[in-house]
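Dear colleague,

Please find the structure below, handed over for your consideration. My notes on it follow directly after.

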Amino acid sequence: NHPSVRLIRNAENLGFGGACNIGLAQAKGDILVLLNQDTVVQPHWLSALVTTLAKETDVGIVGSKALYANGTIQHAGGIVDAQGGGSHLGYRQVDQGQFDRLIDVDYVTGASLALRRKTYEQIGGFDPGFHPAYLEDVDLCWRARAAGWRVVYVPQSVLIHNERSMAAVSTYDGMLIYHRHRLRFVCKHWSAEQLRDQFLPAETAWLNSFGLGGERLLAVTHHAYLHQLLNLGELATWRQRLLGEAPEAITTVAQTLLTLRTVYPKALTAVQAREEIMPLVPMEKARPFAEIREQPFRSDAPLIGSWIAAFRRQWNRVSTEWYVKPMIRQQSHFNTLLLDALQQSHHQQHKAEDRTAALAAVTNVLAEYLAGQEREISTLSQELAAIKRQLAEEKSGYEVERDPGEA
């Protein structure tokens, strides 16, 4: 139906950025447009992007307004925080025109953006280091901004995005990819001052906020720090290109990552059994009945009822009281002791349950930590093997001339 369209089949899954790079390298136009396959564009979607680039000559990348199928906003431009995390303006808000003006933003979503060929030729395509996904569009826009181009959001370019993303994956590997790429972005773009004054305090506070249940995320994040430490050489090259930083200054990045790898939240490293005593409502309600009280003598007989009650009191004092009262006191004392013993037992039981729960949580922490250490050891082993292979290849490439007489 569309003979002018070229369909390129890759031999393998290159991830989002890698696949887009193949298309960008083959495109011929002065304006290059990226569009996800799970979108439905609305009228004027493309013309709004093209017109903006034609009018705003200092704009290098333009992005669209993305809506969910129910009409709420998914993306109206993006901002980046001190930890390198991206968030969408207007996210999940009802679209009432509150984001209907062109604005400069930190980034626009790669689900729908257009860039000038001149910008593309200057900064290149997506960084393949963000394979398979997450933050490659943020990095592209940040590199364009670093090169002097504006990145803008165009509200007249609208599409419906039926988002199907790995972002919903909560597995260890899924979280690791996200945080590995978040840290790659930070290590590429944040200056030494930003790393020291903004990123490190924010990241440390975030790590210290982890409570019980955050064991996996802590292991993931520490694994991601290690990954960047193993790639300092590449990061130094990027920082020299983007920030004009000398390669030896990469020690700032290394020190930041090493410092963060020593951060372990107190809630995940110590048993914190609750010291407060939980209210034992049934026992407190029973305590007033521990003491046995004498019952008053009454009589409902008309006229002489009070006389009858008085006679019964006197008779009780003579015949029974001297014998029963010690028994009442004894039983009341016994009841009180029993309630105290039961309450103490309940307190000890709750403390034991708290300690058991805390020990179980610590066991989980240790298990996650050990699993993380195993993954780190595996990663280091792979890196060492790669280095050995590289050294072997380099060694085999040398031709050593020797004197035949030395043989």
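At roughly what angle do the axes of helix 5 and helix 8 (residues 232–243) cross, and within what distance do they come? The two axes cross at roughly 50 degrees and come within 8 Å; axes here are lines fitted to C-alpha atoms, for helices over the stretch in contact, with angles running from 0 to 180 degrees between N-to-C directions. Helix 5 and helix 8 are therefore oblique to each other (angles under 35 degrees count as roughly parallel, over 145 as roughly antiparallel, 65 to 115 as roughly perpendicular and the rest as oblique). On the helix 5 side, Arg184, Val186, Cys187, Lys188 and His189 meet Glu234, Leu235, Trp238, Arg239, Leu242 and Leu243 of helix 8, where contact means heavy atoms within 4.5 Å.

Please note that this is a predicted model, in which local features need pLDDT of at least 70 and side-chain atom pairs count only at pLDDT 80 or more, while totals for chains, interfaces and linings use all residues. Residues are numbered from 1 along each chain as its sequence is written, and side-chain values use heavy atoms, with hydrogens and water left out.

The protein chain holds 11 helices and nine strands; these are DSSP runs numbered from the N terminus (helices H or I, at least four residues; strands E, at least two). Of its 407 residues, 38% count as buried (under 20% relative accessible area, with exposed over 50% and partly exposed in between, for a 1.4 Å probe and protein chains only). Among contacts with a separation of 6 or more, 77% come from residues 24 or more positions apart.

A second helix pair is formed by helix 7 (residues 215–229) and helix 9 (residues 251–260), which pack at about 155 degrees with their axes 9 Å apart. That angle makes helix 7 roughly antiparallel to helix 9. His222, Tyr225, Gln228 and Leu229 of helix 7 make the contact with Ala254, Leu257, Leu258 and Leu260 of helix 9.

Turning to the interior, the largest nonpolar core (buried Ala, Val, Leu, Ile, Met, Phe, Trp, Tyr and Cys residues joined through side-chain atoms within 4.5 Å) has 61 residues, and Ile61, Val108, Phe185 and Trp190 have the most contacts inside it. Helix 5 gives the most to this core, with eight residues. Beyond its neighbours within four places in sequence, Ile61 touches residues including Val108, Leu113, Leu140 and Val151.

As for charged pairs, the count comes to 15 salt bridges, each a side-chain nitrogen of Lys or Arg within 4 Å of a carboxyl oxygen of Asp or Glu. Arg184 and Asp127 meet in one of them (2.9 Å, N to O). Arg184 lies in helix 5 (residues 172–189) and Asp127 in the loop between helix 3 (117–123) and helix 4 (136–146), so this pair ties together parts that are 57 residues apart in sequence. Arg184 is buried, at a relative accessible area of 5%, and Asp127 is buried, at 5%. Both belong to a salt-bridge network with Asp139, Arg143, Lys188 and Glu234.

Glu56 and Arg150 form another salt bridge (3.2 Å, N to O). This pair links Glu56, in the loop between helix 2 (45–55) and strand 3 (59–67), to Arg150 in strand 9 (residues 150–161), 94 residues apart. Glu56 is partly exposed, with a relative accessible area of 30%.

With kind regards
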